[in-house]
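Got your viewer open and your selection tool ready? Here is a short walk through the model, one stop at a time.

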Amino acid sequence: MIKVELVKLLRRPRTWISVVLTCALPFVVAVFITVTHLVPPPGQGSAFLSAVLQDGALYPAAALALVLPVFLPVAVAVVAGDSIAGEATGGTLRYLLVRPVGRTRLLVAKLISVIVYVLVVVLAVTFTAYATGVFLLGPSQAAAVGQAPGGGVAGAGGGAVGGGLAGQAPTAGLAAGGAVTSLSGAPLSLLQLTERIAGAIAFITVSMLGVAAIALFLSTITDSALGSALGALAALVASEVLVTLNAATVIQPYLPTRYWLAWIDFFRQPVFWRDIQRGFGIQAAYVVVFLAAAWANFSTKDITA
Amino acid sequence: MIITRALTKRYGAVTAVRSVDLDVREGDRYGLLGPNGSGKTTLVRMLLGLVYATSGEIEVLGRRIPSRAHEVLPQIGALIEEPAAYPHLSGRANLALLDAAGPGGRAARRTRRQRVDEALEQVGLAGVGRRPVKAYSLGMRQRLGLAAALIRRPRLLVLDEPGNGLDPRGIRDLRELLTGLNEAGVTVFLSSHLLAEVEQLCTRVGVLDDGRLVLQDHLTMLRAPTGRIVLETPDADQVAALLDGHVEHRDGQRLLVRCDDAATLNARLVGAGLRVSSIGPQQRTLEEIVLAVTGTGSDQVS
């Protein structure tokens, strides 16, 4: 059944169109940066962007930071929101169930195919961004990554400028106030960089599972794929609003987007694990809760579509 | 093959199926009739484990539904309302994918290609090639839906409105296909509101009205002679005078006479020098039978 879901995913034009579009945004950004040589100052704008002029090999990290806040969750919400509701609307759900495919098996297969989809998107962004970065912005000089207060991250070649830049960075970062351990200038070998990008890819994929589980749950409630995708996005927007609201500090550790940017911690020296672990934990909790809710609803539901 | 006892389904305040005792036997070509909204689709969905009954029991191929549905569903081919397929894939790819989703593992995979080809052949889609389903006509989609019901070589076919979207040739092809499969041992259970289709195809019929099974019998029994003779004659007045007391109804040249044997009556009239243009036993059509036992259905709001 999992194989069937993957075939359906990979043979669907929508999958590849969304992958191409998601890869296109970082490419366009890279073209502009190449032409103008203008990047946001460290600590402002999207993470890592300030560093890529010195080192094109860092561009995958910058690209992931570009697509993570909006593109990726939208794509995931659409795919996961469509998973059951789309089959119901198209009429194929009833034919799958009488084949028979167990309802629980179908849900799990859908979730796995969403995970594979996220991996495909993230890997595609990483590889095209690496190619773009190296060809347009220039290859790696001895890479060094720095990190700025407030979660904005700056990196600089050779470490000479890096320390100064990161130190001056204002606090208008992306994350809602992570701990500050300025380690700018520490050089990363290519192997280390690859490892850390792999870690970041894994973390970003897992970060999307919370959205995926919410969208999948909504998908079992309604027969409208649009409704469930938008519902999941509404949940994310609400979470984003609360994450930046000081008055909501009490619930912030439990919000699905609270640790989304913790993947940046993979690029600190040494890796700052606390938020990464919490991020994994909170996503696991969301997956368990919403998958259970989806199962409870779907396994007893009358299929009238 | 299919037995239900006091099967009832309520959706909130609406009762879609009321205490239905369905009895479909091995080898039947069973037609479930009824106006739109009479509960046919809900009943079919309950038989397949898609909709859960409020009360009552269902047994299909000797197994309880829905608790043991997974054991019998592989032996059932189903068409539920409209056919459905992934529009960007070809018909063949759709069938292969659907079959792969089901149980059977390696054994099913080995024979998949052959079974898919066979099913496409059976429904007359063998030459359709790689065209995506979104380019199919309504009739072709219906044929593909039938093929999907046939790929597992089922013992029982459950078809909800199988004639939808088919042109007259398609209807005839469907009838021949189902009759052929039935002769090869497949039990056919279909629901329809097309009476002519059921009349030509089915051996037993059930009639649903407002969720109740108001009639269930062999078609030949339902259509047994009524003990009346229909005759047409240009000498209607004389015939009426001769058969005084036996004529139940007169409509121009057409008379309805209470009598068991058409041949004897014919000889008597001819012996009396009266002309007869047609004579035969009265048989009720399925339409008359169904309309006599059903209400208006849900379309008509009065």
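Start with S13(B) and strand S14 of chain B, residues 254-258: the two pair in the antiparallel sense over four bridges. Keep in mind as you click that this is a predicted model. For one of the bridges, pick Asp251(B) and look across to its partner in S14(B), Arg254(B).

**Widen to the sheet**

Now add the other strands. You get an open sheet of four strands from chain B, in the order S13-S14-S12-S15, with antiparallel pairing. Which strands stand at the edges? Strand S13 (247-251) and strand S15 (278-281) of chain B do; each has a single partner strand, so one side of each has no neighbour in the sheet. Look along the sheet and you can check the twist: on average, neighbouring strands are turned by 15° against each other, direction ignored.

**The helix across it**

Select residues 262-271 of chain B next. This is helix H10, which lies across strand S12 (228-232), S14 and S15 of chain B and runs at about 150° to S15(B). Is H10(B) well covered or hardly covered? Hardly: among its ten residues, the count of buried ones is one. Just past the helix, stop at Gly273(B), which takes a positive phi of about 80°.

**Zoom out to chain B**

Show the whole of chain B as a cartoon and you have eleven helices and 15 strands. Along the principal axes, its C-alpha atoms fill a box of roughly 80 × 45 × 35 Å. Chain B has 302 residues, 38% of which count as buried. Of its contacts with a separation of 6 or more, 69% are between residues 24 or more positions apart.

**Where the chains meet**

Bring chain A back in. The contact takes 22 residues from chain A and 23 residues from chain B. On the chain B side, helix H2 (69-72) and helix H3 (91-101) each supply at least two residues, and H3(B) gives the largest share, four residues. Colour that side by class and you should find 18 nonpolar, three polar and two charged residues.

Stay on H3(B) for a moment. Nine of its eleven residues are buried, so this helix is largely enclosed by the rest of the structure. Among the buried ones are Arg92(B), Asn94(B), Leu95(B) and Asp99(B). What do the buried residues of H3(B) pack against? Show helix H1 (2-10) and helix H5 (92-97) of chain A, along with helix H4 (105-122) and helix H5 (138-150) of chain B.

**Into the cores**

Time for the largest nonpolar core, with 159 residues; Ala62(A), Val76(A), Ala212(A) and Ala232(A) touch the most other members. Helix H8 of chain A, residues 190-221, brings the largest share, 16 residues. Centre on Ala62(A): leaving out residues up to four places away in sequence, it touches Ser46(A), Ala47(A), Phe48(A), Leu49(A) and Val52(A). Another core, of eight residues, lies apart from the largest one, with Leu255(B), Val257(B), Leu269(B) and Leu274(B) among its members.

**Last stop**

Finish at Ser18(A), in helix H2 (residues 13-36) of chain A. Why does Ser18(A) count as buried? Because it has 22 C-beta neighbours inside 10 Å, and the cut-off is 20 or more. Then draw a distance to Ala51(A), 33 residues apart from Ser18(A) along the chain: their C-alpha atoms are separated by 27 Å.

Key
Residues numbered from 1 in each chain as written. Chains lettered and ligands numbered in written order. Predicted model: local features only at pLDDT ≥ 70, side-chain atom pairs only at ≥ 80, totals over all residues. Pairing = 2+ DSSP bridges. Axes fitted to C-alpha atoms, helices over the stretch in contact; angles between N-to-C directions. Contact = placed C-beta atoms within 7 Å. Nonpolar A, V, L, I, M, F, W, Y, C, P; charged D, E, K, R; others polar. Buried ≥ 20, exposed ≤ 12 C-beta atoms within 10 Å, placed from the backbone. Core = buried A, V, L, I, M, F, W, Y, C linked by C-beta atoms within 7 Å.
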